[in-house]
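Q: Could you take me on a close look at the empty space enclosed inside this protein, and at the residues around it? I would like one connected explanation that I can follow with the structure open.

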Amino acid sequence: MQIFNAHEVGKFADEGPAKDAEIDENGYVRTGVIANDICSVAVAAFRDGQIREKNHWHPHAAEIYYVIEGEGVATDAEGNQQRVSEGNVVYFDAGEPHNMHAAPGHDCKYYRVQVGGDRHALDEDGPINAK
């Protein structure tokens with residue numbers, strides 16, 4: 001069994017995230033909690049204005065996002081955007097292009113669960129570094 005508190009694990013870049021946290025070039029932080037052969041769990045923390053410009057997808061892994069703090073924007077393959085807030089769950093099937101980041105004027109933290117053994121990510125330019 002593993003137990004973690006997402007509010008303690010999920011730190012913004014200016015809050016001193018864990019040494020093994022991944023800080024994106026746009027400033028958002030992704031802290032991995034669990035990774036095994038069938039799934040991974042991370043907590044992502046986006047400050048207002050920290051966004052991912054392009055959709056990405058995982059050909060062999062579904063993703064589930066659970067918003068734990070603030071407000072975010074979920075974008076689907078057609079570019080449709082839906083505002084999400086604390087308690088909302090967003091599901092993207094394997095291979096479905098998507099994006100998730102903080103809503104304008106808000107910070108956002110969420111759990112991200114990936115289900116599938118091969119969780120590599122792609123965008124329109126090819127493979128990207130997304131765990």
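**The enclosed space and its lining**

A: In this predicted model, the count comes to one cavity of 30 Å³ or more. About 70 Å³ of space lies in the largest cavity. Rolling a probe the size of a water molecule over the atoms shows where such empty space is left.

The wall of the largest cavity is made up of 13 residues, and those that lie nearest its centre are R30, R52, Y65, Y110 and R112. Sorted by class, this lining holds seven nonpolar residues, along with four charged and two polar ones. Three strands, β3 (39-46), β4 (62-75) and β8 (108-115), each supply at least two residues of the lining, and β3, with three residues, gives the largest share.

Two of the residues nearest the centre of the cavity, Y65 and Y110, also appear in the largest nonpolar core, where they are listed with F46, A74, V84, V90, M100 as the members that touch the most others, out of 13 residues. Two or more residues of this core come from each of β3, β4, β6 (89-92), β7 (99-102) and β8, while the largest share, three residues, is supplied by β4. In soluble globular proteins, nonpolar side chains tend to be buried together.

Y65 is a useful residue to follow in the structure: leaving aside its neighbours within four places in sequence, Y65 is in contact with H56, N88, V89, V90, F92, H98, M100, Y110, Y111 and R112. Among these partners are Y110 and R112, which, like Y65, lie nearest the centre of the largest cavity.

Methods: Residues numbered from 1 in each chain as written. Predicted model: local features only at pLDDT ≥ 70, side-chain atom pairs only at ≥ 80, totals over all residues. Heavy atoms only, no water. 1 Å grid on protein atoms, 1.4 Å probe; cavity = no way out; pocket = protein on both sides within 12 Å on 5 of 7 lines; lining within 4 Å. Points joined across faces, edges and corners; volume = space filled by probe spheres on them. Helix = DSSP H or I, 4+ residues; strand = E, 2+ residues; numbered from the N terminus. Nonpolar A, V, L, I, M, F, W, Y, C, P; charged D, E, K, R; others polar. Core = buried A, V, L, I, M, F, W, Y, C linked by side-chain atoms within 4.5 Å. Buried < 20%, exposed > 50% of the residue type's maximum accessible area, 1.4 Å probe, protein only. Contact = heavy atoms within 4.5 Å.
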